[in-house]
Each structure stands twice: as structure tokens, then as C-alpha cells.
Amino acid sequence: MSNLERDPVELLCPPETPHGPAVQLFDYREVPLGGPRAMPVRRTLPQRGRTTIGAWCFADHYGPDDVSVTGGMVVPPHPHTGLQTVSWLFEGEIEHRDSTGSHELVRPGGVNLMTAGRGISHSEVSTGATTRLHGVQLWVALPEDSRHVGPFFEHADTTPFRLGDATLRVFVGELVAGDAGEAADAPSAPVTVFSPLLGAQVDLPAGGTVDLPLDPGFEHGLLVDAGPAHVEVGGADGATEVAWSQLAYLGTGHDRVRVRADADPVRVVLLGGVPFGEELVMWWNFIGRSHDEVVEFRRRWQSDVIDRNDPDGPFGTVAGYDGRPLPAPDLPTVRLKPRR
């Protein structure tokens with residue numbers, strides 16, 4: 001998914017505070033996705049005080065939306081560099097096309113993972129069969145030694161499994177085994193990552209509880225899609241209520257988290273990874289390491305794709321999309337600063 005803000009701010013945040021409560025809560029900001037009937041998305045990463053969770057660096061949460069009102073998702077061809085996109089749906093159907101020649105549908109239970117590497121372009125459009133659209137769009141920052149790999153695309157179907165009262169689907173990485181071997185046989189997601197990561201959907205019925213085993217070397221986030229959820233980690237003074245669309249952040253050092261539902265069912269997206277120590281510059285749909293690098297990414301997109309429609313350029317072209325690609329917004333008048 002593109003960051004369709006026409007005047008995008010530099011997606012960089014102040015350094016994270018090293019100490020704080022065991023469970024930190026972050027609210028979303030609403031961003032319109034697209035044209036006159038813009039589909040609103042709720043962005044929880046990046047934001048003030050929290051740039052990344054592991055290598056997860058961008059999280060948009062949307063729906064459930066009536067596409068007859070919002071117009072659904074219509075994202076023309078646009079570029080990416082230095083990242084992977086992860087598309088995960090709860091409802092609806094989205095058609096993906098990209099400049100590697102990939103053409104795939106994503107539906108609930110299936111994951112689309114696109115590795116941009118040195119450069120890719122793609123489009124995403126909700127299909128005519130979609131009446132309600134509901135899901136998350138996530139980005140993963142590629143580490144320095146992998147960020148110039150050749151672009152490629154992967155699709156995988158996931159298998160649900162039970163843990164406590166919960167039903168889980170792992171769509172990136174794998175869930176670690178707990179002290180009693182919980183989740184030892186949980187299926188892992190057969191998609192490629194370049195740093196240790198976890199992405200999973202967790203569903204709890206009303207009144208249900210689950211103890212999720214965690215890798216203590218990871219930091220984690222829980223994005224609430226249905227709730228509220230009550231989240232408790234060892235040493236915390238009781239459970240923390242996490243409202244719909246809030247993001248709960250857990251630092252490293254935790255080997256499990258308890259999630260509880262009260263009167264309403266709960267769904268959370270669990271994200272985790274080893275803290276990402278590299279400096280990033282994130283602007284529009286590019287991830288680089290310096291201002292000048294992002295300026296060059298933008299120049300190449302405008303020159304090769306927008307001006308010349310060059311299929312042999314670094315971003316290629318998206319076959320089968322009926323429409324023009326997105327031009328890049330103007331750069332800010334100040335230099336973009338790398339931050340960790």
C-alpha cells in the first residue's frame with residue numbers, strides 16, 4: 001500500500017524513551033487513502049515516541065469499511081525501496097500487481113509479502129466481489145546488508161491453530177515455544193524475512209484468555225482490531241486495557257503476555273522482532289539512509305516512470321493496471337534527517 005498523503009511529513013520520530021511502563025499505549029492518527037471518497041486508515045507506526053517494533057516500521061489499520069461508501073481501495077502503481085510490504089486481510093479481497101510480473105489476490109487467511117529491495121512498483125485494488133474491506137497493511141525495514149536485493153513477491157496461505165482459548169494464524173515468522181511447550185507445533189509462515197520477526201493474528205471469544213509465549217529478545221506490539229483487550233505481562237500491576245485501534249508496546253525481556261477478553265470478542269495483531277538498531281530515513285514510499293538517497297529515489301521514479309514510462313528503469317512498470325502511476329509529492333524544503 002502506498003502512503004498517499006500528498007504532503008507527507010518525514011516519517012521519523014524522536015528517540016524512544018528507554019524506560020517506561022511495561023505496557024505502553026499509542027493512539028492512531030487518521031490518514032485519508034486516495035481520492036474524493038478517500039478510504040480512511042488508522043496509522044499507529046511510525047509516530048511520536050515509537051519509530052519501529054523490531055523491523056516493523058509502518059502499520060495502517062482500516063475497516064470494516066462499506067466500499068459502496070468509501071469507494072474501497074484503489075491505489076495506482078507507486079514505488080517502494082528498502083522495505084517489504086505485508087498485506088493481511090480480515091474481510092474483503094485485494095488484487096495485487098507489481099513490476100516483477102506478479103499478479104495475486106489476497107484474501108483473509110492469506111498473506112502477500114512483497115520485497116522491494118532496490119526498487120519495485122505495484123498497485124492494489126479491492127475487487128468487485130468486495131462489499132466490506134477490513135485489514136492491516138504493514139511495512140518491514142530491510143537491514144543494510146539486504147536492502148538492495150532484487151525485488152520479488154511471495155504469497156502464502158496460513159493455517160489456524162488453537163492456543164488456550166485463542167485461535168491464532170502466524171503470517172510472518174514463528175511463535176516461540178513457552179515453558180510448557182505451548183506453540184511448539186505452531187505452523188510458521190513460509191515467507192522470506194531478513195531479520196528475526198513475528199506477525200500473527202490472535203482471536204479470542206468473549207470471556208477468553210490466552211498466554212502467548214514471547215521471545216525475550218524481541219520487542220512486541222499488539223494492535224487491537226476488536227476489543228477492548230486486556231493485556232498483562234509479568235511484573236506489571238494488573239492488566240492494561242487496550243482500546244480498539246490502539247497499539248500496546250512491550251519492550252524486550254518478556255517471555256509471555258496474557259491477553260484477556262471481557263464481554264466482547266477480541267482480535268489483536270501481534271508484531272515482534274529484534275530491536276532495529278540502524279538509522280532510517282522514511283519519506284513517502286521510500287526507505288533510505290540519507291536525504292540525498294531519498295532525493296535520488298524520487299528523481300528516478302519521476303524520470304523513468306512518470307516522464308518516460310521506461311519498463312527497463314529501476315522501478316519497472318505494472319502490467320495490467322488501467323491507469324497512470326502516482327507522481328511523487330514535492331520534497332520538503334528542509335533536509336531529511338536519519339534517526340534510529
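Two strands pair if DSSP finds at least two bridges between them. Helices (H or I, at least four residues) and strands (E, at least two) are DSSP runs, numbered from the N terminus. The structure is a predicted model, in which local features need pLDDT of at least 70, side-chain atom pairs count only at pLDDT 80 or more, and totals for chains, interfaces and linings use all residues. Residues are numbered from 1 along each chain as its sequence is written, and side-chain values use heavy atoms, with hydrogens and water left out.

**View A. The hairpin of strand 7 and strand 8**. Ile94 stands opposite Val106 of strand 8, and His96 has Glu104 as its bridge partner in that strand. The antiparallel strands 7 (residues 94–98) and 8 (residues 103–106) are joined by four bridges. Four residues lie between the two strands of the hairpin, and Gly101 in the turn has a positive phi of about 95 degrees.

**View B. The open sheet of four strands**. The order of the strands is 5-10-7-8, and their pairing is antiparallel. Strand 5 and strand 8 are the edge strands, each pairing on one side only. On average, neighbouring strands of this sheet are turned by 20 degrees against each other, direction ignored; axes here are lines fitted to C-alpha atoms, for helices over the stretch in contact, and angles run from 0 to 180 degrees between N-to-C directions.

**View C. The open sheet of seven strands**. Antiparallel pairing links the strands in the order 1-20-17-22-15-14-13. Strand 1 (24–26) and strand 13 (161–163) stand at the edges with a single partner strand each, so one side of each is left without a neighbour in the sheet. Neighbouring strands of this sheet are turned by 30 degrees against each other on average, direction ignored. Strand 15 (residues 197–204) and strand 22 (residues 266–273) run antiparallel and are joined by eight bridges; among the residues involved, Gly199 has Leu271 of strand 22 as its bridge partner.

**View D. Helix 2 and its surroundings**. Helix 2 (residues 291–307) has 17 residues and reaches 23 Å from its first C-alpha to its last, close to the 24 Å expected at 1.5 Å a residue; the expected span is 1.5 Å times one less than the number of residues. Its buried residues include His291, Phe297, Arg298, Trp301 and Asp304 (buried means under 20% relative accessible area, exposed over 50%, partly exposed in between, with a 1.4 Å probe and protein chains only). Strand 5 (74–80), strand 10 (120–126), strand 23 (281–283) and strand 24 (286–288) are among the elements that cover the buried residues of this helix. Just after helix 2, Asn309 takes a positive phi of about 50 degrees.

**View E. The aromatic cluster with Trp284 and Phe286**. One cluster is formed by Trp283, Trp284, Phe286, Phe297, Trp301 and Phe315. Rings of Phe, Tyr and Trp (its six-membered ring) pair if their centres lie within 6.5 Å; planes under 30 degrees apart count as stacked, over 60 as edge-to-face and the rest as tilted. The whole structure holds ten aromatic pairs. One of them, Trp284 with Phe286, is edge-to-face, at 5.7 Å centre to centre and 75 degrees between the planes. Both Trp284 and Phe286 are buried.

**View F. Gly253 in its loop**. Gly253 is placed in the loop between strand 20 (247–250) and strand 21 (256–260), and is exposed, with a relative accessible area of 56%. Leaving aside its neighbours within four places in sequence, Gly253 is in contact (heavy atoms within 4.5 Å) with Pro216 and Phe218.
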